[in-house]
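The following exercises are to be worked with the sequence and the model at hand. Each task is followed by a solution in steps.

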Amino acid sequence: MDSPFSMQICGRIYNPESWTRYQFYLTNRIHYVISGTVYYKKIRKLKPGYVYIFPANPDFNVTQDPADPVDHIYFDFLSYEKLFIDDFIEIDASSVPGVKPLLESAGEAFSTREARNHLGPVYFDILISLLHDYMPAHKYHSPVTQSAIRCIHENQVSDLTVREIAERISVNEDHLIRCFRRDTGFTPHRYIALYKTDIATSMISRGATMKETADKLGFSSVSAFSTFYKTMRRVPPSNIKTM
């Protein structure tokens, strides 16, 4: 059976400048804290040696102690199922066989962008399989919605339209819109727009240029991309800090 989860980006970062806040609407996160003092929403201290699973939430916020910067591994990922997590899940990496040595190996491997791009998806798939019992994913009520979200995640988002999605999954366009809105609270068009802004935020925060991001998402110019992003997020993409 295919996994409902797909990795977007991963890495290891010490003392991240943009650790304070990532505004994502569809992107889930897995963080493994190696060392440092860091608080989630300024209240809950995240423990070194623990894995944290955070569901998609634009209000996600963490703060590190400047005197004791965090060193961590992260995996940003999407799901065509919904993660039913109230706030986050905390897992002692040593309590799940294979998880701690896997993450220690990943930490050593993620030394270059090329290594992250090549090995990241492999580490992510193994990690998800090891954490399977902790991933509280439930299928959306409609198979139509599941198929549509999978289609969005697996294809070039710059080229997708709602009509094309309906054609690819062999359903009526109006039926797709009704099912999608009922199951997710978004229209497919809105979901695609949010997906694009999540991709843009992720790309720019990891060092991509505005031009690279605009091209990836199918915009005719950096100006058009910037206008779209500011309309969606109410801040220009130039405000995104690079990790």
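**Exercise 1.** Determine which residue of strand 9 stands opposite Tyr50, and place strand 5 among its partner strands.

*Solution.* Step 1. Tyr50 stands opposite Asp92 in strand 9. The model is a predicted one, in which local features need pLDDT of at least 70 and side-chain atom pairs count only at pLDDT 80 or more, while totals for chains, interfaces and linings use all residues. Residues are numbered from 1 along each chain as its sequence is written, and side-chain values use heavy atoms, with hydrogens and water left out.

Step 2. Strand 5 (residues 50–54) and strand 9 (residues 89–92) run antiparallel and are joined by four bridges. Strands here are DSSP runs of E with at least two residues, helices are runs of H or I with at least four residues, and both are numbered from the N terminus. Two strands pair if DSSP finds at least two bridges between them.

Step 3. Strand 2 (residues 28–35) is likewise antiparallel to strand 5, with four bridges. Ile30 has Ile53 as its bridge partner, and His31 stands opposite Tyr52.

Step 4. An open sheet of five strands, paired antiparallel, has the order 1-7-2-5-9. Strand 1 (5–14) and strand 9 are the edges; each has a single partner strand, so one side of each lacks a neighbour in the sheet. From one strand to the next, the twist averages 15 degrees. Strands of a sheet pair through backbone hydrogen bonds.

**Exercise 2.** Decide whether the residues of strand 5 are buried or exposed, then describe the surroundings of Asn28.

*Solution.* Step 1. Buried means under 20% relative accessible area, exposed over 50%, and partly exposed in between (1.4 Å probe, protein chains only). Five of the five residues of strand 5 are buried, so the strand is largely enclosed by the rest of the structure.

Step 2. Both faces are covered, with Tyr50, Tyr52 and Phe54 on one side and Val51 and Ile53 on the other.

Step 3. Asn28 belongs to strand 2 and, at 5% relative accessibility, counts as buried. Its side chain reaches the backbone nitrogen of Ala56 at 3.0 Å.

Step 4. Leaving aside residues up to four places away in sequence, Asn28 touches several residues, including Phe54, Pro55, Phe75 and Leu83; contact means heavy atoms within 4.5 Å.

**Exercise 3.** Work out how helix 3 is oriented relative to helix 5 and which residues make the contact.

*Solution.* Step 1. The axes of helix 3 (residues 143–154) and helix 5 (residues 173–184) come within 9 Å and cross at roughly 95 degrees. Axes are lines fitted to C-alpha atoms, for helices over the stretch in contact, and angles run from 0 to 180 degrees between N-to-C directions.

Step 2. Helix 3 is therefore roughly perpendicular to helix 5, a term that covers 65 to 115 degrees.

Step 3. Helix 3 contributes Val144, Thr145, Ala148, Ile149 and Ile152, and helix 5 contributes His175, Leu176, Cys179, Phe180, Asp183 and Thr184.

Step 4. These residues divide into seven nonpolar, three polar and one charged. Ala, Val, Leu, Ile, Met, Phe, Trp, Tyr, Cys and Pro count as nonpolar, Asp, Glu, Lys and Arg as charged, and the others, Gly among them, as polar.

Key: Angles under 35 degrees count as roughly parallel, over 145 as roughly antiparallel, 65 to 115 as roughly perpendicular and the rest as oblique. A polar contact is a pair of N or O atoms within 3.5 Å; within protein, one must be able to donate a hydrogen and the other to accept it, and residues adjacent in sequence count only if both atoms are side-chain atoms.
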